Amino acid sequence: MTTPPFDGNVSAGTLSDVFAFDTTMAVTTCAACGDTRPLAELHTYMWAPGIVLRCATCEAVQIRHVHSADGRGWFEMTGVRVMQLPVASA
Amino acid sequence: MKWLVGTVSETTPETVSAVTVRLDVPDWPGHRAGQHVDVRLTAEDGYQAQRSYSIASAPGSEQLELTVVRLDDGEVSPYLAGDLSVGDQIELRGPVGGYFVWDGDDSRPVLLAGGGSGVVPLMSMLRHHAGIGSDAAMHLVYSARTAGDVLYRDELGKLAGDPHRAATVTLTREPGGSGWDGRRGRVDAALLGEVGWPASSAPRCFVCGPDTFVEAVANELVGMGHEPQNVKTERFGPTGG
């Protein structure tokens with residue numbers, strides 16, 4: 001699979017609807033392969049519809065976020081074994 | 001992160017296909033060099049399109065500047081880089097992202113590598129460096145297709161002789177005999193080694209542009225011994241460099 005043109009940086013505005021912190025600074029561990037890196041570096045598909053973030057090493061889906069036309073939304077991160085939260089800034 | 005309204009105060013062509021849009025955004029909370037905004041356009045029928053654009057202006061500047069390269073098949077860029085007039089309003093959200101930022105609060109050397117429109121957030125860093133009078137050594141390596149595609153060409157040209165900031169532009173598709181007497185070819189380990197710093201200096205590296213450019217340059221840097229955590233990457237869009 002070729003790498004997509006985007007990475008997790010571009011998803012952060014949309015994910016601010018879900019998380020109260022800057023997601024680019026969160027670190028995820030892939031549930032499939034254990035690769036651990038900042039969310040900013042995940043391979044990201046936008047308007048897929050919605051956002052899909054894949055592991056940069058094994059391409060397994062880590063996070064999905066999508067809205068329907070009537071405004072309902074879904075979010076799942078079953079592809080993340082654990083997310084390390086960014087240190088809260090002063 | 002709530003949506004704000006920005007009013008266009010000025011549009012400045014940068015190249016044949018790129019425009020810098022200056023926006024007045026009341027309640028703008030300020031930003032850090034390297035961050036971006038999400039821009040949302042709403043058509044009369046309610047259809048919405050959203051894209052992200054890096055902030056070109058330095059932190060603390062009065063107005064927000066976005067440099068938009070028009071993609072022929074783009075959904076948003078042709079409007080922003082073609083149809084906007086002074087007084088038009090656009091919705092934007094931000095600033096976004098704390099991973100790809102340079103605050104200038106340490107004196108480590110900084111290597112910036114930009115491909116195509118990837119130079120935009122790096123320009124914010126260069127401008128911030130000047131604005132705070134940083135004495136950290138900063139070098140921008142900028143890959144563009146042709147001389148006509150080079151953004152901020154005059155501003156980068158004025159860096160010659162600057163003691164702390166420098167820029168090296170390399171073109172990948174400039175025709176021979178065109179009068180361009182600068183570098184040609186891709187950003188490779190040789191160029192990075194020539195203008196950058198050894199891994200032992202632990203420079204901060206920021207690489208931005210199309211994913212093929214970012215992949216190649218980031219891998220080169222790590223291959224040269226730079227620690228992966230010192231190499232920050234931002235991939236966006238298919239525009240070439």
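**Chat about chain A and two buried spots in chain B**

Me: How much of the contact map in chain A comes from residues 24 or more positions apart?
Reply: Those pairs account for 47% of the contacts with a separation of 6 or more; contact means heavy atoms within 4.5 Å. This is a predicted model, where local features need pLDDT of at least 70, side-chain atom pairs count only at pLDDT 80 or more, and totals for chains, interfaces and linings use all residues. Side-chain values use heavy atoms, with hydrogens and water left out, residues are numbered from 1 along each chain as its sequence is written, and chains are lettered from A and ligands numbered from 1 in the order in which they are written.

Me: OK, what's the secondary structure of chain A?
Reply: One helix and eight strands, running β-α-β-β-β-β-β-β-β from the N terminus. Helices (H or I, at least four residues) and strands (E, at least two) are DSSP runs, numbered from the N terminus.

Me: And how much of chain A is buried?
Reply: 44% of its 90 residues. Buried means under 20% relative accessible area, exposed over 50%, and partly exposed in between (1.4 Å probe, protein chains only).

Me: What about charges in chain A?
Reply: There are 5 positive and 8 negative side chains, with the centres of the two sets 8 Å apart. Lys and Arg count as positive, Asp and Glu as negative; His and the chain ends are not counted. Each charge is placed at NZ of Lys, CZ of Arg, CG of Asp or CD of Glu.

Me: Switching to chain B, what's its pLDDT like?
Reply: Chain B averages 94, and 98% of the residues score at least 70. pLDDT is the predictor's confidence in each residue, from 0 to 100. For the complex, the predictor gives an ipTM of 0.91 and a pTM of 0.95.

Me: Where does His128(B) sit, then?
Reply: In helix H2 of chain B, residues 119–132. His128(B) is buried, at 11% relative accessible area. Leaving aside neighbours within four places in sequence, its contacts are Ala33(B), Ala58(B), Pro59(B), Trp102(B) and Asp103(B).

Me: And Gly114(B), buried or exposed?
Reply: Buried, with 0% relative accessibility. Gly114(B) belongs to strand E7 of chain B, residues 110–115.

Me: What does Gly114(B) touch, leaving aside neighbours within four places in sequence?
Reply: Its contacts include Val119(B), Leu122(B), Tyr142(B), Cys208(B) and Phe213(B). Val141(B) is another of them; Gly114(B) and Val141(B) are 27 residues apart in sequence, yet 6.3 Å apart in space, C-alpha to C-alpha.
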